[in-house]
Amino acid sequence: MKLRYLLPLALFVVLVGFLAVGLKLDPREVPSPLIGKPAPGFALTRLDDAAKTIRREDLLGQVWVLNVWASWCAACRDEHPHLMAYAKTKQVPLIGLNYKDTRPAGLTWLTRFGNPYDASLFDADGRVGIDFGVYGVPETFVIDKQGVIRFKQIGPVTPEILQSRIVPLVKSLKDSDA
Amino acid sequence: MPEDLRIPFWPSLSKPRATLFTGMLLLLIALFLATAQAKAQAQAQAKEAAPAAADPVLEARVQRVAAELRCLVCQNQTIADSTSDLATDLRREVREQLKRGVSDEQVVQYMTDRYGDFVRYRPPFKASTALLWLGPAALLALSLGVLVTVLRRRAKLGPEAFEPDEDDVLDAAAVPTERSR
């Protein structure tokens with residue numbers, strides 16, 4: 001008889017549990033299928049020099065960080081100071097992917113706020129972005145010596161994410177011989 | 001409304017209230033129909049406005065494939081519905097791939113490789129999505145089972161297990177001689 005009254009309560013608790021977990025999940029955080037997969041191939045010109053092309057192969061053999069940004073992207077402004085600070089540490093090359101932008105707008109943005117990138121790739125039509133599964137600029141990737149994507153951050157990087165995730169990961173990837 | 005005209009679960013209402021109730025019900029139905037009509041019209045217009053109508057067969061395929069893919073910027077829309085930049089780019093990608101002779105399935109696979117299963121409006125059936133696909137059916141079966149069990153158990157009970165009907169009690173009070181005998 002007791003069970004009869006406790007059962008709805010138990011069901012209610014289970015339901016609340018599910019809802020509580022659901023509240024904490026962020027639907028924007030789509031797990032990327034690209035983690036652990038080779039970075040897509042690309043051959044893009046530099047933002048500052050339309051005559052110079054950078055390919056995926058040029059960056060093999062070193063760990064590097066790819067940051068997708070655009071002059072029209074408001075959140076890129078928020079993460080910009082943190083990228084500037086990270087670039088100063090000179091841990092690994094920081095490559096920008098200037099996504100769906102124009103050369104003058106992108107270059108003006110860098111002049112105005114400062115350029116944390118060792119180089120920016122110019123992806124005017126966003127095709128390389130699609131290959132990287134980009135959908136919410138800014139996004140940040142860590143790519144290892146073999147050209148495999150090891151980490152992806154959707155949305156602006158924060159000092160916390162840099163310190164707790166990116167810097168230690170890059171360090172361990174740099175130290176490994178493989 | 002006569003007093004004894006009562007349907008179980010249906011609120012017994014006075015006449016003005018019943019009129020209001022019926023009125024609101026009709027209004028709701030009218031609104032629903034109007035929305036459906038507007039939606040159908042919008043869809044028809046959207047199709048008319050589709051770009052590159054040079055090849056209607058290709059365009060129909062693009063629409064069909066795009067309707068299978070979720071726009072990741074506005075997650076409750078397909079890339080066929082969405083006007084976001086990303087959806088426009090992905091539609092272009094779908095169109096170009098189909099033009100190159102890639103099959104519908106391969107295009108969906110191409111998107112899945114980049115954006116994950118989440119990009120598919122109809123997620124594939126596998127271990128991690130079994131609950132998603134089977135959950136509603138399981139829940140329905142479970143509740144039907146509970147309902148049948150409860151009803152069967154009740155059918156076996158004698159009349160003394162239930163509270164007497166209100167009407168019977170009233171009748172008994174009104175005409176004590178008939179009942180008490």
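**Notebook: a predicted two-chain model**

I began with the contacts inside chain A, and found that among those between residues at least 6 apart in sequence, 72% join residues at least 24 apart. I note here that the model is a predicted one, and that every value below was computed from it.

**Chain A as a whole**

I looked up the secondary structure of chain A, which comes to five helices and seven strands, and I wrote down their order from the N terminus on as α-β-β-β-α-β-α-β-α-β-β-α. Of the 178 residues in this chain, 44% count as buried. The area that chain A exposes is about 9,600 Å², and carbon and sulfur atoms supply 62% of that area.

**Cysteines**

How many disulfides are there over all chains? I found a count of one, formed by Cys73(A) and Cys76(A), with their sulfur atoms 2.2 Å apart, where the cut-off for calling such a pair a disulfide is 2.5 Å. I then checked the torsion about the S-S bond of Cys73(A) and Cys76(A), which is about 95°, so I entered this disulfide as right-handed. Cys73(A) has 5% relative accessibility and therefore counts as buried, since buried means under 20%, and Cys76(A), at 1%, counts as buried too. I also looked at Cys71(B), which is buried with a relative accessible area of 0%.

**A nonpolar patch**

On the surface I noted a nonpolar patch of about 680 Å², made by Leu6(A), Leu9(A), Phe12(A), Val13(A), Leu15(A), Val16(A) and Leu19(A). I took Val16(A) from this list for a further check: Val16(A) lies in helix α1 of chain A, residues 2-24, and at 38% relative accessibility Val16(A) counts as partly exposed.

**Where the chains meet**

I turned next to the contact between the two chains, which takes 16 residues from chain A and 17 residues from chain B. Chain A and chain B bury about 1,400 Å² between them, with 48% of this area on carbon and sulfur atoms. Which three residues supply the most of what chain A buries against chain B? I found that Arg127(A), Ile130(A) and Tyr135(A) supply 40% of it, more than any other three residues. The count of salt bridges between chain A and chain B is four, and one of them brings Arg127(A) up again, for the side chains of Glu96(B) and Arg127(A) meet in a salt bridge at 3.1 Å, N to O.

**Backbone entries**

Going along the backbone of chain A, I recorded a cis peptide bond from Val137(A) to Pro138(A), with omega near 0°. Pro138(A) has its place in the loop between α4 (127-131) and β6 (139-143).

I also noted two lysines with positive phi. Lys90(A) has a phi of about 50° although it is not a glycine, and its place is in the loop between α2 (74-89) and β4 (94-99) of chain A. For Lys100(A) the value of phi is near 50°, again positive in a residue other than glycine, and Lys100(A) is placed in the loop between β4 and α3 (103-113).

Is each of these lysines buried, partly exposed or exposed? Lys90(A) counts as exposed, because its relative accessibility is 67% and the cut-off for exposed is over 50%, whereas Lys100(A), with a relative accessible area of 22%, is partly exposed.

Conventions: Residues numbered from 1 in each chain as written. Chains lettered and ligands numbered in written order. Predicted model: local features only at pLDDT ≥ 70, side-chain atom pairs only at ≥ 80, totals over all residues. Heavy atoms only, no water. Buried < 20%, exposed > 50% of the residue type's maximum accessible area, 1.4 Å probe, protein only. Patch = residues over 30% accessible without salt bridge, like charges linked within 9 Å, V, L, I, M, F, W, Y side chains within 5 Å. Areas by Shrake-Rupley, 256 points an atom, 1.4 Å probe, with all protein chains shown as cover. Helix = DSSP H or I, 4+ residues; strand = E, 2+ residues; numbered from the N terminus. Contact = heavy atoms within 4.5 Å. Buried area = accessible area lost by both parts, 1.4 Å probe.
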